[in-house]
Amino acid sequence: MLTFQQYLQKHTPINADQFEILKKHLTTKSFKKGKVLLTEGGRTAVSYFVSKGLLRAYTRDANGKEHIIQFAPEEWWLADRNSIYFNEPAAFNIDVLEDTEVVFISEVFMQQALDICPDFGKYNIYLLHNTIRHMQNRINKLLAATAEERYLDFIKLYPDLTLRIPQMMIASYLGITPESLSRVRKALAQKHFKPNL
């Protein structure tokens, strides 16, 4: 909970006294690697804030192949907006890639935060626009960028994940095969490029 409090106080006008009032609307849970938090087609009413560890969001196609949409390392938010805001079945699965501590953030918390600190709304809007910006960039990269450009963008967005997740998951996120990713990494190595290893 302390990590989330520090995060809010760093990014929003919410102070310590206000957080004391708000924290009753939050739940913190720890999960072991492999735990499934949300299943595609299920329902959820909360967003997830990662205090420690790593989550991922993904779908499976008709052949059972996984397509990773997003990773969420420390101090990232992850939410299935289909389910939370439109009361529809969840669009993707969320599971735990490392032992992880998560803060469950309800809509009650968000509304109370706005009531107590109206300027919190500015940060909430920023988060929404930032999510849209990243998704637009991701769509653009998947449609128009080379595999190398996608990999370099991945490293820029997730600078510490190259050693924390299997290469096959990185390939899934990039929309390429593991073999193609190996070729990209080899080509970059020949150019003397080194990711954060």
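User: What supplies the largest share of the lining of the second largest pocket?

Analyst: In this predicted model, helix α7 does, with five residues. A helix here is a DSSP run (H or I) of at least four residues, and a strand (E) one of at least two, numbered from the N terminus. The lining of this pocket comprises 16 residues, and β5, α5 and α7 each supply at least two of them.

User: What makes a residue part of that lining, and which residues lie nearest the centre of the second largest pocket?

Analyst: A pocket is an open set of points on a 1 Å grid with protein on both sides within 12 Å along at least five of seven lines, and a lining residue has an atom within 4 Å of a point. Lys65, Glu66, Met168, Ala171 and Ser172 lie nearest the centre of the second largest pocket.

User: How is the largest pocket lined, and which element gives the most to its lining?

Analyst: Its lining has 44 residues, with Gln70, Trp77, Leu127, Asn130 and Thr131 nearest the centre. Helix α5 gives the most to this lining, 15 residues. Among the other elements that supply at least two residues each are β5 (66-72), β8 (100-106), α6 (147-157) and α7 (167-174).

User: How many residues of each lining are called nonpolar?

Analyst: The largest pocket has 24 nonpolar, ten polar and ten charged lining residues, and the second largest has eight, four and four. Nonpolar means Ala, Val, Leu, Ile, Met, Phe, Trp, Tyr, Cys or Pro; charged means Asp, Glu, Lys or Arg; the others, including Gly, are polar.

User: Why are α6 and α7 called roughly perpendicular?

Analyst: These helices pack at an angle of about 110 degrees, with their axes 10 Å apart. Roughly perpendicular covers 65 to 115 degrees, and α6 and α7 are therefore placed in that class.

User: Why is α5 described as roughly antiparallel to α6?

Analyst: The axes of α5 and α6 cross at roughly 160 degrees and come within 10 Å. Roughly antiparallel requires over 145 degrees, so α5 is roughly antiparallel to α6.

User: Where is confidence lowest and where highest in the protein?

Analyst: By pLDDT, the predictor's confidence from 0 to 100, helix α3 (residues 81-86) has the lowest mean, 91, and strand β7 (residues 93-96) the highest, 98. The protein has a mean pLDDT of 94, and 97% of its residues reach 70 or more. In this predicted model, local features need pLDDT of at least 70, side-chain atom pairs count only at 80 or more, and totals for chains, interfaces and linings use all residues. Residues are numbered from 1 along each chain as its sequence is written, and side-chain values use heavy atoms, leaving out hydrogens and water.

Conventions. On a 1 Å grid over the protein atoms alone, a cavity is a set of points where a 1.4 Å probe fits but cannot get out, and a pocket is an open set with protein on both sides within 12 Å along at least five of seven lines; lining residues have an atom within 4 Å of a point. Axes are lines fitted to C-alpha atoms, for helices over the stretch in contact, and angles run from 0 to 180 degrees between N-to-C directions. Angles under 35 degrees count as roughly parallel, over 145 as roughly antiparallel, 65 to 115 as roughly perpendicular and the rest as oblique.
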